[in-house]
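Dear colleague,

I am passing on the structure below, together with an account of what was found in it. Please keep it open beside this message while you read.

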Amino acid sequence: MNRYELTYIIDTAVEENARKELIEKFSELIKANGGEIEKVDETWGKRRLAYAINDKTEGYYVLVTMKAPSDLPREIERNLEINENIMRYLTIKLEEKKHSVKPRPVRVAPAAPVAEAEVTEAPAEEVAETPAE
């Protein structure tokens with residue numbers, strides 16, 4: 001089963017009881033067709049639309065996260081299209097992250113061999129002192 005996110009906007013003219021029934025209707029539709037609802041998020045609530053849809057400037061947003069067979073989103077969208085209280089909808093397939101790529105091993109730069117001639121220091125006795133004038 002694939003994971004999907006379904007977001008739809010309900011007309012604000014619909015009363016609260018009818019809105020709850022509409023949300024429950026689509027949840028039951030998902031369950032009846034072999035889907036599993038992970039979460040129904042109504043916290044977005046009533047929001048101002050970016051542009052007017054059918055002369056309406058506000059809508060009630062609902063976000064549903066679900067696991068479903070690949071043919072279920074088409075059936076849900078068909079039912080959303082029929083319902084006159086749904087203003088817009090969007091179904092997105094969620095991709096699972098797969099970690100099939102192995103991380104590159106960390107390469108340490110080889111240390112260059114140091115020649116002994118470079119390491120030796122000049123003896124302190126050879127430093128000549130100049131007389132002060």
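**Strand S1 and the sheet around it**

Seven of the 10 residues of S1 are buried, so this strand is largely enclosed by the rest of the structure. Please bear in mind throughout that the model is a predicted one.

To place S1 in its setting, the chain contains three helices and four strands, and these elements follow one another from the N terminus in the order β-α-β-β-α-β-α. The four strands form an open sheet in the order S2-S3-S1-S4, with antiparallel pairing, and its edges are strand S2 (36–53) and strand S4 (86–94), each of which pairs on one side only. From one strand to the next the twist averages 20 degrees.

The pairings themselves can be followed across the sheet. S2 pairs with strand S3 (residues 56–68) in the antiparallel sense over 10 bridges, and Arg47 stands opposite Gly59 in S3. S3 and S1 likewise run antiparallel and are joined by 10 bridges, with Tyr4 standing opposite Met66 of S3. On the other side, S1 and S4 pair in the antiparallel sense over eight bridges, and within S4 it is Leu90 that serves as the bridge partner of Thr7.

**Thr7 as a point of reference**

Thr7, which is found in strand S1, is a convenient residue from which to look around. Is Thr7 buried or exposed? Its relative accessibility is 18%, and because the cut-off for a buried residue is under 20%, Thr7 counts as buried. When its neighbours within four places in sequence are left aside, Thr7 is in contact with Trp44, with Tyr61, Val62 and Leu63, and with Arg88, Tyr89 and Leu90. As a general reminder for reading such a list, side chains in a regular strand alternate between the two faces of the sheet.

**Helices H1 and H2**

Two of the helices can be described against the sheet and against each other. H1 packs on the sheet, where it touches strand S1 (2–11), S2, S3 and S4, and its direction makes about 130 degrees with that of S2. H2 also packs on the sheet, touching S1, S3 and S4, and its direction makes about 170 degrees with that of S4.

How do these two helices lie relative to one another? The axes of helix H1 (residues 16–32) and helix H2 (residues 72–82) come within 10 Å and cross at roughly 150 degrees, which means that H1 is roughly antiparallel to H2. In handedness, the crossing in which H1 passes H2 is right-handed. The residues that make the contact are Phe26, Leu29 and Ile30 on the H1 side, and Leu72, Ile76, Asn79 and Leu80 on the H2 side. Sorted by class, this contact of H1 with H2 has six nonpolar residues, one polar residue and no charged residues.

**The chain as a whole**

Two figures describe the chain overall. Buried residues account for 29% of its 133 residues, and, among contacts between residues at least 6 apart in sequence, 73% join residues at least 24 apart.

If you would like one place to begin, I would suggest the pairing of Thr7 with Leu90 in S4, and from there the helix contact made by residues including Phe26 of H1 and Ile76 of H2.

With best wishes

Conventions
Residues are numbered from 1 along each chain as its sequence is written. This is a predicted model: local features need pLDDT of at least 70, side-chain atom pairs count only at pLDDT 80 or more; totals for chains, interfaces and linings use all residues. Side-chain values use heavy atoms; hydrogens and water are left out. Axes are lines fitted to C-alpha atoms, for helices over the stretch in contact, and angles run from 0 to 180 degrees between N-to-C directions. Angles under 35 degrees count as roughly parallel, over 145 as roughly antiparallel, 65 to 115 as roughly perpendicular and the rest as oblique. A crossing is left-handed if the near helix is turned anticlockwise from the far one by less than a right angle, and right-handed if clockwise. Contact means heavy atoms within 4.5 Å. Ala, Val, Leu, Ile, Met, Phe, Trp, Tyr, Cys and Pro count as nonpolar, Asp, Glu, Lys and Arg as charged, and the others, Gly among them, as polar. Two strands pair if DSSP finds at least two bridges between them. Buried means under 20% relative accessible area, exposed over 50%, partly exposed in between (1.4 Å probe, protein chains only).
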